[in-house]
Amino acid sequence: MFSDTDEVVARFAQAGYIADHQLAALTFLSVRLGKPMLLEGEPGVGKTEVAKVLAKILGTELIRMQCYEGLDTHHALYEWNYLRQMIEVRLEEARGVAKEEIGRNIFSTEFLLKRPLLQAIQSEGELPPVLLIDEVDRSDEEFEAFLLEVLSDFQITIPELGTIKATRKPFVVLTSNRTRELHDALKRRCLYHWINYPKFEKELAIVRAKVPGIDESLARQICYFVERLRELDFYKRAGVAETLDWAQALLFLGVAELDATIVDSTMGCILKSKDDLEKFKTLDLAKLVADAKQQKP
Amino acid sequence: MRFEQALRASGLSVNPANLIDFCQSLEHINITNRHDFHAAGRVTLVHRQEDLDRFDEAFRRFWEATDIPAEPPDFQQDGAGEKSDGDSSAQGQTQAETLLELTDENEDVGATSYGSQEILMQRDLAALTDAELAQARRMLASLVDALASERGRRYASNDRGSRLDFRRMLRRHSLHSPECMRLLFKREKIQKPRLVLLCDISGSMEGYSRFLIEFIFALRRTLPKVEVGVFATRMTMITRLLEERNVDRALAQVTQKVRDWGGGTDIGGCLGEFNDYYAGKVVRAKTVVVILSDGWDCGEPQQLRLALEQLRRRVHRLLWLNPLLGGEGYQPLCTGIRTALRYIDEMLPAHNLESLVRVARILREVWR
């Protein structure tokens, strides 16, 4: 795996993810200590991407569980395939199989629907899988408590089958947009990192890495412009994902450098609410564009 | 261990389990490297964005106090300090915007609507006559009913549901013959919101507090999970008193028990008292806390800030209902309110029935 944090930075960079020292240290320690990492930050700063890149670097499977309100054990852990079980019961009855026998048959792994957590625990790859628990702040309290239990023991009890224990701990990545504060008990079990909006140089590096073929001066203008926009008071500020979308769009349109018309017509890549777009219209666009061209502080 | 003490001194609480993690992580890194040591401490010991600055500061002081020559402080490339400042001021501004929007909207409605009910909806609560009060109560009741029957996203067996409940069907199946299997259904469980209302009953709120208590009373009867506290100079939880069926008798009891009715205000102190003594019992992660107050505060602003910050962390949403917000040209100028704006999710007017309807609607929304 990794020998030190610098290696993490280098290998993330190879995979196209620009990680700072903090994030690299987090990843390194999380892998070494076998503790889950909890990434918080504004939407679109690359939290989910960390898990994807980690799986890619380690060459292991990525198991993703998207959280939502009302997510329960049947969707996170396992569920019996009731429809198949019912059909099987009918078939076996018709064949005259003994009742006890049927009971045993229909509660076997064949009729078990494995959900992400069970998959992660039972995974049999060379290295343990990366388990991404995405947007954990969207799940409810009950689920968080349940998650706590799974993350501490990595074992699951299915009454009909017995206890299944993970032979190796998966690498766990939790992300949160912080729509609510997570419970302290869950946080304590994780290594924590807050991913901030990147500084100009870092964002530029990301654009270069993710949008190959983009002109250097255009990339600088884009990053500068987005950075200025973030300083303004919009309801939803642009994430890195938005910067990349915009850069892609401008590249696709064959734009050589920013001008007011182009910026105005492509703003939908950056600002995604009606109020923000209306507010944007009140700005002095010509001046912003001119500043971006001169990179004036 | 000295490092841990340094952290405590700067107001960060360090959990023993995390301290062990930190020590374990030191085995994997080069502890004479400032970058690595800093990063290891940061990921293991801090669990909240707001604490990152404090940690960085404590770390810098600690590191500089030890004899190892410090590297130039460029390691803070993320600029945690600027970040959180930026965030909070941005938040303040959005709050202020919501405020402006709210007042705008109110004026619009005022100009266009008509009819006796509508007029009643807009009358200032402090100026209602007895007859109007009775009508207002009836309207309140229907409003509260609507609030109480929200469906959650978890399912329970229910014959009028729209989803097949296979779990239950399979279980029944073993008793009946398969040919006459009945279809069994499930639907979403009703999820009643958990609310905590803290009502300011100081002199400046006199005209409103009685009606707001009645609003609470109406809520209390339909939602079992409502906790109610009143405060002026000290916090009193009156949930039990409101179990009385008759609203007037309940209010009489409240007046008897609560000694500081109509006195001065110490919002910060009272909220602090709530945090220390009552929050553990009545607050869960999904609780919505509503503060009813005009924000005239005679206490320490610093104390109010601290109390609100603590409270905000514990609850799902923090709302502030302010009767003064209904007045034209009102600006949230007094220190209490200005401090509060940084921590609360929404500041809403609560001077007439119409605004209470809005409040009920918002409560439903935040619940989702």
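Student: How many residues does each chain give to the contact between chain A and chain B?

Tutor: Chain A gives 31 residues and chain B gives 35 residues, where contact requires C-beta atoms, placed from the backbone, within 7 Å. This is a predicted model, in which local features need pLDDT of at least 70 and side-chain atom pairs count only at pLDDT 80 or more, while totals for chains, interfaces and linings use all residues. Residues are numbered from 1 along each chain as its sequence is written, and chains are lettered from A and ligands numbered from 1 in the order in which they are written.

Student: Which elements of chain A give two or more residues to that side?

Tutor: They are α2, α5 (82-95), α9 (184-188) and β9 (191-195) of chain A. Here α marks a helix (a DSSP run of H or I, at least four residues) and β a strand (E, at least two), numbered from the N terminus. The most comes from α2(A), with 7 residues.

Student: What kinds of residue make up the chain A side?

Tutor: There are 14 charged, 9 nonpolar and 8 polar residues on the side of chain A that touches chain B. Asp, Glu, Lys and Arg count as charged, Ala, Val, Leu, Ile, Met, Phe, Trp, Tyr, Cys and Pro as nonpolar, and the others, Gly among them, as polar.

Student: At what angle does α2(A) cross α3(B)?

Tutor: The axes of α2(A) (residues 21-33) and α3(B) (residues 34-45) cross at roughly 65 degrees and come within 9 Å. That makes α2(A) roughly perpendicular to α3(B), since angles of 65 to 115 degrees count as such, those under 35 as roughly parallel, those over 145 as roughly antiparallel and the rest as oblique.

Student: Which residues meet there?

Tutor: From α2(A) come His21(A), Gln22(A), Ala25(A), Leu26(A) and Leu29(A), and they meet His35(B), Asp36(B), Ala39(B), Ala40(B), Arg42(B) and Val43(B) of α3(B). The residues of this contact of α2(A) with α3(B) comprise 6 nonpolar, 3 polar and 2 charged ones.

Student: New topic: how many helices and strands are in chain A?

Tutor: Chain A has 15 helices and 9 strands. Of its 297 residues, 37% count as buried, that is, with 20 or more other C-beta atoms within 10 Å of their own (12 or fewer is exposed, in between is partly exposed).

Student: And how do α5(A) and α6(A) pack?

Tutor: Their axes lie 10 Å apart, at an angle of about 150 degrees, with α6(A) covering residues 99-106. That makes α5(A) roughly antiparallel to α6(A). Gln85(A), Glu88(A), Val89(A) and Glu92(A) of α5(A) make the contact with Ile102(A), Asn105(A) and Ile106(A) of α6(A).

Student: Which residues have the most contacts inside the largest nonpolar core?

Tutor: They are Leu54(A), Val173(A), Val207(A) and Ile222(A), in a core of 87 residues. Such a core is a set of buried Ala, Val, Leu, Ile, Met, Phe, Trp, Tyr and Cys residues joined through C-beta atoms within 7 Å. Helix α11(A) (residues 216-231) gives the most to this core, with 7 residues.

Student: What does Ile222(A) touch?

Tutor: Leaving aside residues up to four places away in sequence, Ile222(A) touches Val207(A), Thr243(A), Trp246(A), Ala247(A) and Leu250(A).

Student: Lastly, is Phe154(A) buried or exposed?

Tutor: Phe154(A) counts as buried because it has 21 C-beta neighbours inside 10 Å. Phe154(A) lies in the loop between α8 and β6 (155-158) of chain A, and its phi is near 50 degrees, a positive value in a residue other than glycine.

Key:
Axes are lines fitted to C-alpha atoms, for helices over the stretch in contact, and angles run from 0 to 180 degrees between N-to-C directions. Two residues are in contact if their C-beta atoms, placed from the backbone, lie within 7 Å.
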